[in-house]
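Subject: Structure handover and notes

Dear colleague,

I am passing on the structure we spoke about, together with notes on what turned up in it. Please read them with the sequence and the structure open beside you.

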Amino acid sequence: MNPPANLPALTLYGTPTSGHTHRVELLLSMLGLPFTWIAAPETVRRSEAFLQLNPLGQIPVLVDGDEVVCDSGAILVYLVKKYAPDSDWLPAEPGKTAQVLRWLFLAAGELRYGPAQARGIAQWNWPGERADALAIAENLLRFMETHLARRVFLAADHPTLADLACCGYIAHAPEGGITLEPYPNIRRWLQAVETLPGFKPMPDLPLP
């Protein structure tokens with residue numbers, strides 16, 4: 001997809017190994033939107049300048065001209081509504097919109113506190129109980145495996161924001177000690193997402 005003409009300067013604050021940042025990078029790449037990348041590790045996120053952008057000190061943050069958008073799910077919706085309103089990334093039909101939003105909410109809930117949490121504990125010693133994260137992850141993966149038994153993508157018969165929101169942390173679940181071997185449908189879905197034009201993989205981390 002060719003980017004629209006006369007684009008304002010887009011700036012994305014994040015880190016390369018953040019699945020939250022990665023989902024925004026994917027959409028920017030797939031929409032053909034050029035942007036400036038600014039690394040925002042913990043030291044940057046505690047700075048006064050960053051806290052003026054997002055007082056919660058969280059990534060990612062997208063700056064689009066005078067607009068500052070925080071939270072990866074909100075950024076995905078913003079980018080589509082502004083730069084690709086007629087695309088299928090967020091279908092306009094209410095039922096299909098609801099299906100996409102369901103997965104965005106799952107990405108902020110079960111995905112964040114399951115696979116992403118287990119990865120954070122294994123890689124960066126995040127606070128929290130590993131057993132709890134593994135239990136949440138197993139429940140989510142079983143649900144996804146059944147859901148994907150007769151479909152290629154999560155929310156529609158084509159890729160949507162749902163797939164971009166979920167693929168990074170699922171693909172990198174082994175970095176949290178979670179194997180994907182029991183889930184052939186999930187692995188097939190990941191392969192379908194990874195072959196989309198403009199896909200960019202998230203950097204690999206050591207397996208625990």
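In which loop is Asn125 found? Asn125 is in the loop between α5 and α6, and please keep in mind here and throughout that the model is predicted. The phi angle of Asn125 is near 55°, which is a positive value in a residue other than glycine, and with a relative accessibility of 67% this residue counts as exposed.

Two further places in the backbone deserve a look. Asp71, in the loop between β4 (67-70) and α4, likewise has a positive phi, of about 80°, although it is not a glycine. Pro60 belongs to the loop that runs between α3 (48-53) and β3 (61-64), and the peptide bond that leads from Ile59 into Pro60 is cis, with omega near 0°.

Turning to the interior, the largest nonpolar core comprises 56 residues, and those with the most contacts inside it are Leu27, Leu79, Leu161, Ile170, Ile186 and Trp189. At least two residues of this core come from each of β1 (10-14), α1 (19-31), α4 (72-83), α5 (94-124), α6 (130-147), α7 (161-171) and α8 (184-194). Another core, of 6 residues, lies apart from it and has among its members Tyr13, Ile59, Val61 and Val63. As general background, nonpolar side chains in soluble globular proteins tend to be buried together.

Ile170 is a useful residue from which to explore the 56-residue core. If residues up to four places away in sequence are not counted, Ile170 touches Leu111, Pro115, Leu140, Leu141, Met144, Leu180, Ile186, Trp189 and Leu190.

Ile170 also takes part in the meeting of two helices, α5 and α7. How far apart are the axes of α5 and α7, and at what angle do these helices pack? Their axes are 9 Å apart and the angle is about 5°, and α5 and α7 are therefore roughly parallel to each other. On the α5 side the residues involved are Val100, Trp103, Leu104, Ala107, Leu111, Pro115, Ala116 and Arg119, and in α7 they meet Leu161, Ala162, Ala165, Cys166, Tyr169 and Ile170.

Trp103, one of the α5 residues that meet α7, brings us to the aromatic rings. A search of the whole structure finds 3 aromatic pairs. In the pair formed by Trp103 and Phe143, the ring centres are 5.7 Å apart and the planes stand at 25°, so the pair is stacked. Because Trp103 lies in helix α5 and Phe143 in helix α6, this pair ties together parts that are 40 residues apart in sequence. Trp103 is buried, with a relative accessible area of 0%, whereas Phe143 counts as partly exposed at 31% relative accessibility. A separate arrangement involves a charge and a ring, in that the charged end of Arg112 sits over the ring of Tyr113, 4.6 Å from the centre of that ring.

Helix α4 offers a contrast between two of its residues. Is Tyr83 buried or exposed? Tyr83, which has its place in helix α4, is buried, with a relative accessible area of 11%, while Lys81, also found in helix α4, is exposed, with a relative accessible area of 59%. From C-alpha to C-alpha, Tyr83 and Leu33 are 8.6 Å apart in space and 50 residues apart in sequence, and Lys81 and Met202 are 25 Å apart in space and 121 residues apart in sequence.

Met202 appears again among the contacts of Gly19. Gly19 lies in helix α1 and counts as buried at 3% relative accessibility. Leaving aside neighbours within four places in sequence, Gly19 is in contact with Tyr169 and Met202, and the C-alpha atoms of Gly19 and Cys166, which are 147 residues apart along the chain, are separated by 8.5 Å.

Finally, Leu205 is found in the segment after α8. Not counting residues up to four places away in sequence, Leu205 touches Thr17, Arg119, Gln123, Trp124 and Glu175, whereas 24 Å separates the C-alpha atoms of Leu205 and Ala162, which are 43 residues apart along the chain.

With best wishes

Note on methods
Residues are numbered from 1 along each chain as its sequence is written. This is a predicted model: local features need pLDDT of at least 70, side-chain atom pairs count only at pLDDT 80 or more; totals for chains, interfaces and linings use all residues. Side-chain values use heavy atoms; hydrogens and water are left out. A nonpolar core is a set of buried Ala, Val, Leu, Ile, Met, Phe, Trp, Tyr and Cys residues joined through side-chain atoms within 4.5 Å. Buried means under 20% relative accessible area, exposed over 50%, partly exposed in between (1.4 Å probe, protein chains only). Helices (H or I, at least four residues) and strands (E, at least two) are DSSP runs, numbered from the N terminus. Contact means heavy atoms within 4.5 Å. Rings of Phe, Tyr and Trp (its six-membered ring) pair if their centres lie within 6.5 Å; planes under 30 degrees apart count as stacked, over 60 as edge-to-face and the rest as tilted. A charge sits over a ring if NZ of Lys or CZ of Arg is within 6 Å of the ring centre and within 35 degrees of the ring normal. Axes are lines fitted to C-alpha atoms, for helices over the stretch in contact, and angles run from 0 to 180 degrees between N-to-C directions. Angles under 35 degrees count as roughly parallel, over 145 as roughly antiparallel, 65 to 115 as roughly perpendicular and the rest as oblique.
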